[in-house]
Number of protein chains: 2
Amino acid sequence: MDIRRLRYFVAVAEARSVGKAAERLRMAQPPLSVQIRKLESEIGAPLFRRGTRGMDLTEAGQALLARASEALALAADGIEAARAVAAGSRGRLSVGYMFVLANAMLPRLIPELRRSIPGVDLDFAELSASTREARLLDRSVTVALCMPAIHHPEIQVARIGAQPFMLAMPIRSPFARLGSVPMARLQGRPLIALPPPERDPSSSAVAALLRRHQIVMPIASRVETVHSAMSLVLAGEGFGILPACARLGAPRGIVFRPLRDATDSIDIAVCWRRDSHSPLIRTFLKCAEKAVAPL
Amino acid sequence: MDIRRLRYFVAVAEARSVGKAAERLRMAQPPLSVQIRKLESEIGAPLFRRGTRGMDLTEAGQALLARASEALALAADGIEAARAVAAGSRGRLSVGYMFVLANAMLPRLIPELRRSIPGVDLDFAELSASTREARLLDRSVTVALCMPAIHHPEIQVARIGAQPFMLAMPIRSPFARLGSVPMARLQGRPLIALPPPERDPSSSAVAALLRRHQIVMPIASRVETVHSAMSLVLAGEGFGILPACARLGAPRGIVFRPLRDATDSIDIAVCWRRDSHSPLIRTFLKCAEKAVAPL
DNA sequence: CCGACCCATACGTTTTCGGTATGCCAATGG
DNA sequence: CCATTGGCATACCGAAAACGTATGGGTCGG
């Protein structure tokens, strides 16, 4: 069975005439007549009553017409929807983000996205450092806002910004009275550390920073997230060396101070699978760049 | 665009593999692969991600799949529905009936119909003597229960029963005390007459009955319906010579008595357009015969 | 490094479709 | 009563599309 036959059938039913329908379909009358008869023989019953002045639907024909025209509309809508999704004007975009960036970026990013791609369903998911790669690879998120960027052969990275490191401490810490903290003063102080990049602890930006200044800070605790780090800092367990934007989500009682002489920063990046070719990714990247610009 | 392509697409999407889908479709793998690529080029975007272990839908493919499978189901249901309507197991049957027959037949006919053709929507309409032909000819009713039968070249008639004539009179009429009324006693009595068959008054069954018995009854009134006739009879305007089943709908105060020596009767018939070939008509005829049998 | 698996491409064959010419039937009009 | 018109059906031919077989070219697993 062929959708062309159904299309022809609907045309004839609506025109109530083979000739008129043929004209509208830009084809000759005889082949249309043949197709209609083929459809009838396929169904095993006449769909039209042939009168001397055109064709008229039988009851069977009416039953078919209702479904066929709906099916045609659905099929057309299907290919239209596929095109729209491919073009990025419809569809779904799953955005993953690391929680440290939420306060700094989402309030600007989300309205920007809704304005740029109004037909697209947005879907946000918080990512942890340990699962973000897997979530990209298994496509449960399409793009990820990461800090720092992901390094993986299958994952494409676009750096959209950076955050300087700041020293996080309880407000009652002596350093809190300083406008900025010289690196040298950190010597020997306890550090609340985040997980280093997998399999290469020395590549951590914080580790590199300390090494370059020849500072040694004993690791008081290792925690998974920036927020856990801040909790321990607040509890007096040690200092945090954290991206500046983390202060937007910091609990009361924590203060951030610049590190004097330290220009190191940590990248903010948009990451996606190399084989995801959705145009939504480009659009998302543009929006994310706008949202990150004021930082 | 061809529904075959959509069918192939759905098969491949469900099998997640061209080869498997080809097997299920009983065709070779290469042409299926070609068709899928043609569909993709028609849409202008890839619908599948080709992996080393089969195919996987892209977002555009998912958008299409949802609509396409629904459209396929609808199209299949459409041809199925058309077949079912043609076979008489689904559809709609518009039944016209003359009101004289309603009390006598519908209580048995309707349950019989619902049992015989449960998938068919029934639709009942009362017919008047003057419009019943038109209602059949313009197909606003499919079958009609008539008394007497319709005679028309385009209309097919099946006699399913007959009703003897009875004399209808007010209960206070002297004849009401008789068990039956001899024809001779009607001489000169006023008659409430019904409309004669169009253009041939002498062919009326009542006229023929009176003529054969050489009785003359002056026509006190001509009315359109049996019920109107009974109203006038009750009002004392004259006698009615009416089909026996009319007494089932007679108002209080009217009695019916057999006409002695008169074996004349009036046909009950099922009528339909000659060019209506719905199998529902046969089924309806069977049911009507059953429903009329006890009369 | 080789075989297995799976999709893509190429080419010849067959089916199907569409166009033109024409026939048939009924209704209309002189 | 016959001719004309309008509409659908049939016949035949050329063109296009689809199918099958053979084959190529990747990747994965042993």
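Which polar side-chain atom lies 3.1 Å from a base nitrogen of DNA strand C? It belongs to B:Gln29, and I count such a pair as a polar contact, meaning N or O atoms within 3.5 Å.

Before I go on, this is a predicted model, in which local features need pLDDT of at least 70 and side-chain atom pairs count only at pLDDT 80 or more, while totals for chains, interfaces and linings use all residues. Residues are numbered from 1 along each chain as its sequence is written, chains are lettered from A and ligands numbered from 1 in the order in which they are written, and side-chain values use heavy atoms, with hydrogens and water left out.

Staying with strand C, 21 residues surround it, the closest being A:Tyr8, A:Lys38, B:Ser33, B:Arg37 and B:Arg50, where near means that a heavy atom of the residue lies within 4 Å. Of the strand C atoms within 4 Å of the protein, 72% belong to sugar or phosphate and the rest to bases. Phosphate oxygens of strand C lie 3.0 Å from a backbone N or O atom of B:Gly19 and 3.4 Å from a polar side-chain atom of A:Gln35.

Turning to DNA strand D, 22 residues are around it, and A:Ser33, A:Arg37, A:Arg50, B:Tyr8 and B:Lys38 come nearest. Here 79% of the strand atoms within 4 Å of the protein belong to sugar or phosphate. A polar side-chain atom of B:Tyr8 lies 2.5 Å from a phosphate oxygen of strand D, a polar backbone atom of B:Ala28 is 2.9 Å from a phosphate oxygen, and B:Gln35 places a polar side-chain atom 3.4 Å from a sugar or linking oxygen.

Key: A polar contact is a pair of N or O atoms within 3.5 Å; within protein, one must be able to donate a hydrogen and the other to accept it, and residues adjacent in sequence count only if both atoms are side-chain atoms.
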